[in-house]
Amino acid sequence: MRFLFKRFCQWGTGLVLTMLGLGINVLPALGQTGTISGTVKANDTGEPLIGANVVIVNTSLGSATNTNGQFEIQQVPPGQYTVKAVFIGYHSMIQEVRLNAGETVTVNFDLEPSTVMGEEIVVSASRRVEKLTEAPATIMVVNADEIARTTAFTYGDALVKAKGVDIYRTGIDGVGINARGFMTAYSYRMQLMADGKNAMLPGAGLAAGNILPVPKEDIARIETILGPASALYGPNAHNGLVNVVTKHPRDYPGTTIAFGGGQNAILTGRLRHAQIVNDKLAFKVNAEYLKGQNWTKNDTVGYDNSGKAYLENPDHGILNFRTLAALYYNFTPEIELMIEGGYSVTNSIGTTNVGRNQILGWKYDYETIRLSSPHFFIQFYRTGNDAGRTHAIGNKVAMLIAMANAGVSMTEDEAIDKVKYIDKSKRYDFEAQYNTELAGFRLIAGFNYEDNRPVSNGTYLSDTTGNELKIRQAGFYGQVERDLGERLKLVLAGRYDTHDNYKSQFSPRAAVVFKVPGYGNLRVTYNRAFQAPAILQQELYLGFGMLPGGIPVRLRGNGHGFTLSDGTVIDPLEPEVNETFEIGYKGLLTKKLFIDVNAYRSKYQNFISPLTAITSFADPANPVFPVKQGDVAIPFEYVLTYRNFGRVNINGLELGVSYQIDPRVNVWFNYSYINPVDLEDPENDFNKDGKFEELSFNTPQNKFNFGAGFANLLGRGTYLSIAVRRVDEYDFISGRHRATKAGKGTGSFNFKDEGPLGGFTTVDLGFSYQFNPKAQLNISATNIFDTPLREMVASPATRRLITAEVRYQVQ
């Protein structure tokens, strides 16, 4: 089955690439389809409305207006259609259109100011299509037009202005994403998805980040759910999720080329081609390339016996190559088969709890086959990676020091080959979902199965000789919605998950949504969600030097528990649990003032500790040490592992305000407040030392951003934006890393405490100019005052970065 699936995906991707490479014009003759184009303007001022959605009702065809208010919907089969234009703060408008073969029909819309909420569509909150304001969750959306006006390098860059989202920048191309507390040097508390598919790394179980093989040009929108989402998405969605939704070739046909550059030797290029072959067949291909130099950080790691200092000497070069291709075949207008493949290779630097990793030639690939209709989908996908020459920078230097002390000459390349990670892990996922409406009830039911095959050959996981790792989990989920009259909607959902390494979990959700006619929706929700221990926390197996006397230090995961020499039993890790009550409102208070506000109280319990010693020399004559891990005897070692402990209650508020002053000017303000009310409860002092460092919140209590966008202010086709971001100062402790106010200046070498993170205000500028409907110039300047911003431990300070690009739509 695995062989057939892989060959099938290779055949589909190969077919698409062959069609593009040979330049075969398989477009239908112009006489077979037509085009609907026009403009969308405000009828009170005559100004173009930028980013208005124009859709052909009851089809998947649509477009959005550019900076001149123009739109174009290509490849439309002949027929009679209803075309609808929508823009926030204005009445939607429909027009009937008759389109003949080979014809271009012009349809212009003049929208009237309105108190009716915009009709932006999302899919992540309920695993089905619904209006943003009716979603029973706090959900943020960044659409394709916003992304197209920036020079951002990854999906994470697009979320900087999003309400309630915490951004932890590790470099030019590295962005960690979290929400509502307890971030670590690893990024794993937010579930990352691409088109609803699990996009976490199959080996370590961490977020793929800049490794994700989704080129920027193919992103239709990014949906971010804040707070628990396990009721539908299972493990790892207990702080929220990020779903990167890609463009369908029927909705976004044509060819786009982009190239750009900027400071730090940045060079970037992108290509997207999407083609509708006929009413049955469509395809798309994407490629993206990024090269540059990261901001520098080069700490001393240690000294050899002669007193010679050894620096990290990392490679600050950035290299990202991403490609994605997909083939779509419609058996009927509603039943579609998709075959998709993606691949990326990355050079960068990533943070860990015990230092930094030099990412060299990390490869990530996936293949998907999916059958879908408006009422069901079935999909199977395989995800794999290869770590290349990725290694821990500290381990490389330690090897050089050890060899120098032994009088052995060794180059850095030779040291890397000795300590590099092996990661050839794979994951196989199957999911099926069905939705229908029965007697006024909207029903969703689904099942997904995940089979993880971590492969490190013992370089950092416990898959040593004769110990193959297989970690399987399965989940069943369902949701029921019912309108209780014209204004009230009740939502009940639940999910049951099983896992090889921990007990079964049930995640319920209940929501009541009250529609305020003409103004928006008020909702009250309850969620219970869980955070599964990452594969790294379950199966870690990594040497970490020696203690005096030659006692080896070993970092071990705790997926199976330990027995100590004194008979003490340490239980295996269990999932962290989050229960959240939330009340929120989303809608228009006046005809152009949009409000999105929510308040929540969350109860977290059963945290996973940082790496903690379970070997004790309190009585040197009778040390206590682990003798078994699970049922397997282990040698005498100084062992550090993960354990469960503690509970915390959190209160939070998230506010988003947007005001459309007129069709040319929009202003916004986002604010987030979060407060752990009992962080220093005695139960949270894992080491009983009164410091409570094992449970660091790692999140600013207050943060806000505000800004404005100006359309056509500097001339027709221009768009200017200014954004100000403020982040409170806050302590951040993760593994061996300390960034604290009290401990500033303590520590040594590459683990020196440089003081707390945050405590900055930064200003970003953006400029976009639409030369014509096909050509666009984007210029972005982040941190324009070049203030050193500390956004993550073990990472260089963020500095000013100016980049520019030109996008051209060939057709």
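# Close-up views of a predicted model

**Figure 1. Strands S44 and S45 pair in the antiparallel sense.** In this predicted model, strand S44 (residues 644-662) and S45 are joined over 12 bridges, with the antiparallel sense of pairing. The two strands form a hairpin, with 2 residues between them. Within the pairing of S44 with S45, Leu655 stands opposite Tyr671. S45 is also joined to S46, by 9 bridges, and these two strands run antiparallel. Tyr671 is again a point of reference here, standing opposite Phe704 in S46.

**Figure 2. Strand S39 is joined to S38 and to S44.** Strand S38 (residues 576-590) and strand S39 (residues 593-608) run antiparallel and are joined by 13 bridges. The connection from S38 to S39 is a hairpin through 2 residues. Leu588 has Phe594, in S39, as its bridge partner. S39 is joined in turn to S44 by 15 bridges, and that pair runs antiparallel. Val597 has Leu655 of S44 as its bridge partner, and Leu655 also stands opposite Tyr671 in S45.

**Figure 3. The largest nonpolar core has 55 residues.** The residues with the most contacts inside this core are Tyr155, Leu159, Ile177, Leu192, Leu212, Ile222 and Val242. At least two residues of the core come from each of strand S11 (138-143), strand S13 (175-178), strand S14 (191-194), strand S16 (219-226), strand S17 (240-246), strand S25 (355-373), helix H6 (535-539) and strand S35 (551-556). S25 gives the most, with 4 residues. Apart from this core lies another, of 21 residues, which includes Ile36, Ala42, Val83 and Val105.

**Figure 4. Surroundings of Ile222, one of the residues with the most contacts inside the largest nonpolar core.** Leaving aside neighbours within four places in sequence, Ile222 is in contact with Met140, Val141, Val142 and Ile147, among others. Its contacts also include Tyr155, Ala158 and Leu159, together with Val242 and Asn243. Of these partners, Tyr155, Leu159 and Val242 are themselves listed among the residues with the most contacts inside the core.

**Figure 5. An edge-to-face aromatic pair is formed by Phe182 and Phe697.** A search of the whole structure finds 19 aromatic pairs. In the pair shown, the ring centres of Phe182 and Phe697 are 4.9 Å apart and the planes are at 85°, so the arrangement is edge-to-face. Phe182 lies in the loop between S13 and S14, whereas Phe697 lies in the loop between strand S45 (665-676) and strand S46 (702-711), so the pair ties together parts that are 515 residues apart in sequence. Both rings belong to buried residues. Ring pairs link Phe182 and Phe697 with Tyr604 and Phe607 into a cluster.

**Figure 6. A stacked aromatic pair is formed by Phe617 and Tyr638.** The distance from centre to centre is 6.2 Å, with 5° between the planes. The pair links distant parts of the chain, 21 residues apart: Phe617 is in the loop between strand S40 (612-613) and strand S41 (626-629), and Tyr638 is in strand S43 (residues 638-641). Phe617 has a relative accessible area of 32% and is partly exposed. Tyr638 also counts as partly exposed, at 21% relative accessibility.

**Figure 7. Charged side chains sit over aromatic rings.** The charged end of Lys161 is placed over the ring of Trp668, 4.1 Å from the ring centre. In a second example, the charged end of Arg370 sits over the ring of Phe377, at 4.4 Å from its centre.

**Figure 8. Strands S3, S2, S5 and S6 form an open sheet, in the order S3-S2-S5-S6.** The pairing in this sheet of 4 strands is antiparallel. Strand S3 (62-64) and strand S6 (93-99) stand at the edges with a single partner strand each, so one side of each is left without a neighbour in the sheet. From one strand to the next, the twist averages 20°. Strand S5 (residues 79-86) pairs with S6 over 7 bridges in the antiparallel sense, and Ala85 stands opposite Met93 in S6.

**Figure 9. An open sheet of mixed pairing has the strand order S34-S35-S43-S40.** The sheet contains 4 strands. Its edge strands, strand S34 (541-547) and S40, each pair on one side only. S35 and S43 run parallel and are joined by 3 bridges. Arg554 stands opposite Val639 in S43.

Notes. Residues numbered from 1 in each chain as written. Predicted model: local features only at pLDDT ≥ 70, side-chain atom pairs only at ≥ 80, totals over all residues. Heavy atoms only, no water. Core = buried A, V, L, I, M, F, W, Y, C linked by side-chain atoms within 4.5 Å. Buried < 20%, exposed > 50% of the residue type's maximum accessible area, 1.4 Å probe, protein only. Contact = heavy atoms within 4.5 Å. Phe/Tyr/Trp six-rings, centres within 6.5 Å; stacked < 30°, edge-to-face > 60°. Lys NZ or Arg CZ within 6 Å of the ring centre and 35° of its normal. Pairing = 2+ DSSP bridges. Axes fitted to C-alpha atoms, helices over the stretch in contact; angles between N-to-C directions.
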